[in-house]
Amino acid sequence: TSGEAESDASTRTADSAKIIYTANLTLETRDYDTARAALDAALSDADGYMESSNEYTDSTDNTRTLSLTLRVPKGYYSAFLGVAENVLGNVTSKSESADDVTTQYMDVETRLANLEAQRTRLQELQAQADNLSDLLQIETSLTDVQSQIESWQSQLDWYSNQVQQCTVYVNLSEVQNYTPTDESFLGSVGAAFAQGWSNFVNGLQQLAVWLAGAWPVVLV
């Protein structure tokens, strides 16, 4: 039916979409060594790898800060982020982006196909060349086409790598106390009630202390 045909077309379009996923995580931990080991284990479980690493130690309080660029297969991307958020420490910031490069990818594929067809035709002409002049001209054209093929193939490989391996930037800081994070609405209301009651009790205590010190004046 037409509905099934449209569904199949939509599925093929979704499967062929080329999307580059990138995430940025800023984390705090009170147990740096344990968090670092957990991060390495999570990366290994996700079949990912570390692209770059930079560790810095603050000379003032000897706390450590780790900046990582990690590559994680697309199939493990969400699971890895879940582990990083829930196991490693306190998440102070998180951002994600999804860059659809399907059009660019298909454009490069088309260019490559055309150049490869051109190379094939030149190779056929090379085999049929009757004189040295024609042969040299064809070889020059072949060299130029081959150079273009290698350049576009390199770009296609880059797109494929970025699509298949998601990039996760992690900044892990060692701290003594976690930075307070945003609370839910109910949590905020509860905290406000608790703070209000505390202020009320403190006010009564201060009033009682004042009355105790000023009782002669009150009595008069």
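In this predicted model, in which local features need pLDDT of at least 70, side-chain atom pairs count only at pLDDT 80 or more, and totals for chains, interfaces and linings use all residues, N62 lies in the loop between β2 and β3, the latter strand spanning 64-73. Helices (H or I, at least four residues) and strands (E, at least two) are DSSP runs, numbered from the N terminus. Residues are numbered from 1 along each chain as its sequence is written, and side-chain values use heavy atoms, with hydrogens and water left out. Although N62 is not a glycine, it has a positive phi of about 60°. With a relative accessible area of 56%, N62 is exposed, where exposed means over 50% relative accessible area, buried under 20% and partly exposed in between (1.4 Å probe, protein chains only). A positive phi of about 60° is also found at D47, likewise not a glycine, and this residue belongs to the loop between α2 and β2 (49-57). D47 counts as exposed, its relative accessibility being 52%.

The chain as a whole has seven helices and five strands, and their order along the sequence follows the pattern α-β-α-β-β-α-β-α-α-β-α-α. Of the 220 residues in the chain, 24% are buried. Among contacts between residues at least 6 apart in sequence, 78% join residues at least 24 apart, a contact being defined by heavy atoms within 4.5 Å.

Two helix pairs can be described by their packing. Helix α2 (residues 32-45) and helix α3 (residues 77-87) pack at an angle of about 165°, and their axes are 10 Å apart; axes here are lines fitted to C-alpha atoms, for helices over the stretch in contact, and angles run from 0 to 180 degrees between N-to-C directions. That angle makes α2 roughly antiparallel to α3, given that angles over 145 degrees count as roughly antiparallel, under 35 as roughly parallel, 65 to 115 as roughly perpendicular and the rest as oblique. The crossing of α2 and α3 is right-handed, a term used if the near helix is turned clockwise from the far one by less than a right angle, whereas an anticlockwise turn is left-handed. On the α2 side, A38, L39, A42 and L43 take part, and they meet F80, V83 and V87 in α3. In the second pair, the axes of helix α4 (residues 102-128) and helix α5 (residues 132-164) come within 9 Å and cross at roughly 155°, and α4 and α5 are therefore roughly antiparallel to each other. The crossing of α4 and α5 is left-handed.

Residue L39 of α2 reappears among the neighbours of L68, a residue placed in strand β3. Leaving out residues up to four places away in sequence, L68 touches L39, M50, S52, S53, V168, Y169 and V170. L68 is buried, with a relative accessible area of 4%, and its C-alpha atom is 7.7 Å from that of E51, from which it is 17 residues apart in sequence.

A further set of contacts involves R30, which is found in the loop between β1 (19-29) and α2, and V175, which lies in the loop between β5 (165-174) and α6 (185-213). Neighbours within four places in sequence aside, R30 is in contact with V175, Q176 and Y178, while V175 touches E28, T29 and R30. R30 counts as exposed at 51% relative accessibility, whereas V175 is buried, with a relative accessible area of 18%. The C-alpha atoms of V175 and T29 are separated by 5.9 Å, although the two residues are 146 residues apart along the chain. Those of R30 and T63, 33 residues apart along the chain, are separated by 9.8 Å.

The charged end of R30 sits over the ring of Y178, 4.1 Å from its centre; this description requires NZ of Lys or CZ of Arg to be within 6 Å of the ring centre and within 35 degrees of the ring normal. K18 lies over the face of Y105, at 4.7 Å from the ring centre. The structure also holds two aromatic pairs. One of them is edge-to-face, because the rings of W158 and Y159 have their centres 5.4 Å apart and their planes at 70°. Rings of Phe, Tyr and Trp (its six-membered ring) pair if their centres lie within 6.5 Å, and planes over 60 degrees apart count as edge-to-face, under 30 as stacked and the rest as tilted. W158 counts as partly exposed at 47% relative accessibility, whereas Y159, at 11%, counts as buried.
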